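Before reading on, it may help to have the sequence and the coordinates side by side. The explanation below goes step by step and is best followed with the viewer open.

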Amino acid sequence: MHKILVLGAAGQIGSELTLALRQKYGNENVIAADIKTHPDKQITEAGPFLHADCMDKQAILSIVNQYKPDAIFHLAAILSAVAEENPQKAWSVNMTCLQNVLEVARSVPCQVFFPSSIAAFGPSTPITFTPQDTVQRPTTIYGVTKVAGELFCDYYFQKYGVDTRGLRFPGLISYHTLPGGGTTDFAVEMYYKALKHKKYTCCLRANTQLPIMYMPDAIRAAIELMEVNPSKLKHRNAFNIHAMTISPDDIVHSIRKFVPGFTINYQVDELLQQIANSWPRSLDDSAAHKEWGWKPHFNLDKMSEDMIKNLSLKLNMSVQA
Ligand code: NAD
Ligand code: AKB
């Protein structure tokens, strides 16, 4: 990778990925684009930022013709909770944007990163230590677009030789940009509410275990996968990666080590609970480890400490982590 285009750059992942890529490859070599017109200043000021709708193939093509990237990180999508409110729109946005990106990449050519999710699995998938290659019958529209996306990327590699690569991300926790409408957003909110109000009302049951990862590990994984020699990759579009299996109750206990007196109550949202119940608890990520050396760095307490330290600074609050 030398010149990189990040689509959906103003979101939870994109805002941090853009900064990490700019640090590594140079500000001018990382072009950020999003449908949002007023993203965080850090994205717009340090390097090129363009307004673009990925539903419009010509818009992507004209950016690619102008900047000539050799890699696209395609992050524009509708996430699980919002997708269930309008499944038709979710299918249309998630699949059309991906198709446009793949078509543009085929014509240039350039590498494509596609983020899949634990949502690509469903209730009939083995729930713990979910294998790399296993049953994928998701029951959410978001999950359906993720399985289709994985296959779509595989197809463009096999048929046209487009160098597509991807990860199945768990729920991601970060302090930089708020998450954009997923089932796992509660885990991020918990940290904000702990600092601001010392109390939180959680939408999932206390013992709901989910795979969760801290953003720095996720960003590093995406960059490492895109940088590895392609001859090493067998599962190029849908690597399981795992960091920790945790429940809301586990997060509360971890936060209390840094914010004593934090309290929680539970008001279960049945739709979100059903979605969470359909996802795996832990994933077998040995293929990622073997094929490109994946290893997480953050466990729950290390993540909580870093979250609280950085959120305190961001919110201008005086908690010592
Ligand atoms: P997000 O909602 O925070 O960000 C998505 C960004 O895409 C937003 O800035 C939005 O404005 C932009 N966007 C939406 N439609 C667009 C369009 N038509 N054209 C251009 N931009 C558009 O999402 P995120 O959490 O950053 O997720 C990015 C990708 O990673 C998605 O594919 C998501 O499914 C996947 N993923 C995220 C997580 C997570 O926990 N955050 C976990 C697994 C997979
Ligand atoms: C969501 O909850 O939709 C995302 C995901 C796990 O894909 N965080």
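What follows moves from the domains to the two ligands and the residues around them.

The model shown here is predicted, and the values quoted were computed from its atoms. The protein is divided into domain 1, made of 4-170 + 214-240, and domain 2, made of 173-211 + 245-281 + 299-315. The C-alpha centres of domain 1 and domain 2 lie 25 Å apart, and the contact between them takes 26 residues from domain 1 and 24 residues from domain 2.

With that division in mind, one can turn to ligand 2, and ask where it lies with respect to domain 1 and domain 2. Both domain 1 and domain 2 give residues to the shell around ligand 2, so this ligand lies between them. The shell consists of L79, S80, S117, I118, Y142, G171, G182, T183, T184 and W279, and when these residues are sorted by class, 4 are nonpolar, 6 are polar and none is charged. Ligand 2 sits in the largest pocket.

Which atoms of the protein approach the oxygen atoms of ligand 2 can be followed at S117, Y142 and T183. A polar side-chain atom of S117 lies 2.7 Å from an oxygen atom of the ligand, and an N or O atom in the side chain of Y142 is 2.7 Å from an oxygen atom of ligand 2. At T183, by contrast, the backbone provides the N or O atom, which lies 2.7 Å from an oxygen atom of ligand 2. Ligand 2 has 250 Å² of accessible area on its own, and the protein covers 93% of it.

Ligand 1 also sits in the largest pocket. There are 27 residues around ligand 1, of which Q12, D34, D53, C54 and Y142 come nearest. The side chain of Y142 has an N or O atom 2.5 Å from an oxygen atom of ligand 1, and this residue also belongs to the shell around ligand 2.

Backbone atoms take part as well: a polar backbone atom of L172 is 2.9 Å from an oxygen atom of ligand 1, while a polar backbone atom of I35 is 3.3 Å from a nitrogen atom of ligand 1. Taken alone, ligand 1 exposes 830 Å², and the protein buries 92% of that area.

Conventions:
Residues are numbered from 1 along each chain as its sequence is written. Chains are lettered from A and ligands numbered from 1 in the order in which they are written. This is a predicted model: local features need pLDDT of at least 70, side-chain atom pairs count only at pLDDT 80 or more; totals for chains, interfaces and linings use all residues. Side-chain values use heavy atoms; hydrogens and water are left out. A residue is near a molecule or strand if one of its heavy atoms lies within 4 Å of it. A polar contact is a pair of N or O atoms within 3.5 Å; within protein, one must be able to donate a hydrogen and the other to accept it, and residues adjacent in sequence count only if both atoms are side-chain atoms. Accessible areas come from the Shrake-Rupley method with a 1.4 Å probe; for residues, only the protein chains shown count as cover. On a 1 Å grid over the protein atoms alone, a cavity is a set of points where a 1.4 Å probe fits but cannot get out, and a pocket is an open set with protein on both sides within 12 Å along at least five of seven lines; lining residues have an atom within 4 Å of a point. A molecule sits in a cavity or pocket if more than half of its atoms lie within 2 Å of its grid points. Ala, Val, Leu, Ile, Met, Phe, Trp, Tyr, Cys and Pro count as nonpolar, Asp, Glu, Lys and Arg as charged, and the others, Gly among them, as polar. Domain bounds come from an automatic or database domain assignment. Contact means heavy atoms within 4.5 Å.
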